[in-house]
Amino acid sequence: MFARPMDLPQFLTLAASAGIISTVLTAMLNSVGHWWNQSRQARFFALRLAVIFENYSSACVDAITDHFNAEGSRGNIGEYAFLLPEPPALPDANELWPLLDHDAAERALSFDTDVRGFNAGVRFEVEVIGEPDHDRVVAELFATAKKSLILARDLRHRHEVGGIKENTEELERIEHIRRQQIEREQRRLEKRSKQPKPVNEPGT
């Protein structure tokens, strides 16, 4: 039995439907391609930032190590902690920042202000008192090293770029160093408190 020939209205309807379907599919494919390209760009940008903030954390730890060396050698080795390291220069890529996780992007962009604000406070303290509070600077170095690492970890996690394990291990190492420093400081204070206080001689 032969199929009935398609008349003109049916043909035009079918052609129009096929055109609509083709247009929709093309739009969907373009949308998926655009999303994939943006996702790839965001992941690479997040990775760049994560490495920058991990390197900054390492710079803070180096400054802490230098301070401990200076304390142990009475200034002969290393340098006393005075300021936080200069904040890292972030990539000038305005079109990529909106692609990042909003919270992580906000923390990254405000990082420079936080560091410079602390350093400005230390410089003012030096002008007024004559020397910085090294213990406070060391505490801020630890806090900033951790903050920088946590930001890097969040960028890696939220944009799925790996490296979480290594980041976490470094964070644990910093926390271990901080605990050792606190214990050492407590022992130093206890030792000082046990030392006999000088007694004024009669007539003085």
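Is Lys146, with its relative accessibility of 30%, to be counted as buried, partly exposed or exposed? In this predicted model, Lys146 counts as partly exposed at that value, because the class covers residues that fall between the limits of under 20% for buried and over 50% for exposed. The side chain of Lys146 meets that of Glu175 in a salt bridge, with an N to O distance of 3.5 Å. Glu175 belongs to helix 4 and Lys146 to helix 3, so the pair ties together parts of the chain that are 29 residues apart in sequence. Glu175 is likewise assigned to the partly exposed class, its relative accessible area being 29%.

The secondary structure in which this pair is set comprises four helices and zero strands, and the order of elements along the sequence is α-α-α-α. The chain has 204 residues, of which 28% count as buried. Helix 1 covers residues 8-73, helix 2 residues 102-129, helix 3 residues 134-158 and helix 4 residues 164-194. For helix 3, the 25 residues should span 36 Å at 1.5 Å a residue, and the end C-alpha atoms are indeed 36 Å apart, in agreement with that expectation. Helix 4, with 31 residues, reaches 45 Å from its first C-alpha to its last, which is close to the expected 45 Å. The buried residues of helix 4 are Asn167, Leu171, Ile174, Ile177, Gln181 and Glu185.

Salt bridges were examined next. Side chains of opposite charge can pair when their charged atoms come close. The structure holds twelve salt bridges, one of which is formed by the side chains of Glu125 and Arg136, with an N to O distance of 3.1 Å. Glu125 lies in helix 2 and Arg136 in helix 3, so this contact ties together parts that are eleven residues apart in sequence. The two partners fall into separate accessibility classes: Glu125 is buried, with a relative accessible area of 15%, whereas Arg136 counts as partly exposed at 35%.

A salt bridge within helix 4 is formed by the side chains of Arg173 and Glu170, for which the N to O distance is 2.9 Å. Both residues lie in that helix, and their separation of three residues corresponds to about one turn. Arg173 is partly exposed, with a relative accessible area of 39%, and Glu170 is also placed in the partly exposed class, at 22% relative accessibility. Beyond these pairs, a network of salt bridges links Asp101, Asp103, Arg107, Asp154 and Arg158.

Two surface patches may be described. The nonpolar patch is formed by Phe44, Leu47 and Val51, which together present about 250 Å² of accessible area. Phe44 is located in helix 1 and is classed as exposed because its relative accessible area of 55% lies above the limit of over 50%. The negative patch consists of Glu71, Glu131, Asp133 and Asp135. Of these residues, Asp135 is found in helix 3 and counts as partly exposed, with a relative accessibility of 40%.

Backbone geometry was considered last. Most residues other than glycine have a negative phi. Against this background, Arg74 shows a phi near 55°, a positive value in a residue other than glycine. Arg74 is placed in the loop between helix 1 and helix 2, and its relative accessible area of 77% assigns it to the exposed class. A positive phi near 55° is also found at Glu160, again in a residue other than glycine. Glu160 lies in the loop between helix 3 and helix 4, where it takes this backbone angle just after helix 3. At 62% relative accessibility, Glu160 counts as exposed.

Note on methods. Residues are numbered from 1 along each chain as its sequence is written. This is a predicted model: local features need pLDDT of at least 70, side-chain atom pairs count only at pLDDT 80 or more; totals for chains, interfaces and linings use all residues. Side-chain values use heavy atoms; hydrogens and water are left out. Patches are made of residues with over 30% relative accessible area and no salt bridge: like charges are joined within 9 Å, nonpolar side chains (Val, Leu, Ile, Met, Phe, Trp, Tyr) within 5 Å. Accessible areas come from the Shrake-Rupley method with a 1.4 Å probe; for residues, only the protein chains shown count as cover. A salt bridge is a side-chain nitrogen of Lys or Arg within 4 Å of a carboxyl oxygen of Asp or Glu. Buried means under 20% relative accessible area, exposed over 50%, partly exposed in between (1.4 Å probe, protein chains only). The expected span of a helix is 1.5 Å times one less than its number of residues. Lys and Arg count as positive and Asp and Glu as negative; His and the chain ends are not counted. The place of a charge is taken as NZ of Lys, CZ of Arg, CG of Asp or CD of Glu.
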